[in-house]
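Grab the model, and let's work through a few exercises on how this chain is put together. Try each task yourself before reading the solution.

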Amino acid sequence: MYDPAGKFLGEIEELVLDIHSGHIAYALMAVGGFLGMGQKMIAIPWSTVTIDRVYQRCVVNIDLERLIDAQVSTVTLLPRMADPGWATRVHAYFGCKPYWE
């Protein structure tokens, strides 16, 4: 995943599907850390991701510091995804409309 200026932000580890609609809900991206230590897994709403067809990569309009500041970790991420309040806060953090609306 890259920012609009082409700066590498992190790897997309997984895509999360909404099983009811069949749409991609989130891209799970590992950010921060060094050699895999101290990384955080961030759920990025798929609606904020654009595809750069020229360079064949995903782009999100957010800076690395804001990604690292996101209040999500690998330990608590998956159980929280079923919580509508959590999902609403994630979409608000990224400044986008929830995918289910």
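**Exercise 1. Find the residues with the most contacts inside the largest nonpolar core, then work out which elements supply that core.**

Start with the core itself: the largest one has 25 residues, and Met-1, Tyr-26, Ile-44, Leu-67 and Phe-94 have the most contacts inside it. A nonpolar core here is a set of buried Ala, Val, Leu, Ile, Met, Phe, Trp, Tyr and Cys residues joined through side-chain atoms within 4.5 Å. Buried means under 20% relative accessible area, exposed means over 50%, and partly exposed is in between (1.4 Å probe, protein chains only).

Next, the suppliers: at least two residues each come from strand E2 (24–31), strand E3 (40–45), strand E5 (57–60) and helix H3 (84–93). The top contributor is E2, with 6 residues. Helices (H or I, at least four residues) and strands (E, at least two) are DSSP runs, numbered from the N terminus.

Before going on, some ground rules: this is a predicted model, where local features need pLDDT of at least 70 and side-chain atom pairs count only at pLDDT 80 or more, while totals for chains, interfaces and linings use all residues. Residues are numbered from 1 along each chain as its sequence is written, and side-chain values use heavy atoms, with hydrogens and water left out.

**Exercise 2. List the contacts of Phe-94 and His-91, ignoring neighbours within four places in sequence.**

Take Phe-94 to begin with: its partners are Ile-42, Ala-43, Ile-44, Pro-45, Thr-48, Ile-62 and Leu-67. Contact means heavy atoms within 4.5 Å.

Now move to His-91, which sits in helix H3. His-91 counts as buried because its relative accessibility is 0%. Its contacts are Tyr-26, Pro-45, Cys-96, Lys-97, Pro-98, Tyr-99 and Trp-100.

**Exercise 3. Trace the order of the open sheet and check how its strands pair.**

Three strands make up this sheet, in the order E1-E2-E3, with antiparallel pairing. Two strands pair if DSSP finds at least two bridges between them. At the edges are strand E1 (11–17) and E3, each pairing on one side only.

Then zoom in on E2 and E3: 6 bridges join these antiparallel strands. For a landmark, look for Leu-28, which stands opposite Ala-43 in E3.

Finish in the loop between E2 and E3, where you'll find Gln-39. Gln-39 has a relative accessible area of 38%, so this residue is partly exposed. Its C-alpha atom is 9.6 Å from that of Met-29, 10 residues apart along the chain.

**Exercise 4. Describe the hairpin of E4 and E5, and hunt down the salt bridge.**

Strand E4 (residues 49–52) and E5 run antiparallel, joined by 4 bridges. Val-49 stands opposite Val-60 in E5. Between the strands of this hairpin there are 4 residues, and Gln-56 takes a positive phi near 55°.

For the salt bridge (a side-chain nitrogen of Lys or Arg within 4 Å of a carboxyl oxygen of Asp or Glu), the structure holds just 1. Asp-52 and Arg-57 form it, with their closest N and O atoms 3.7 Å apart.

**Exercise 5. Sum up the whole chain.**

Count elements: there are 3 helices and 5 strands. Along the sequence, they follow the pattern β-β-β-β-β-α-α-α. On burial, 37% of the 101 residues count as buried. Last, contacts: of those with a separation of 6 or more, 44% come from residues 24 or more positions apart.
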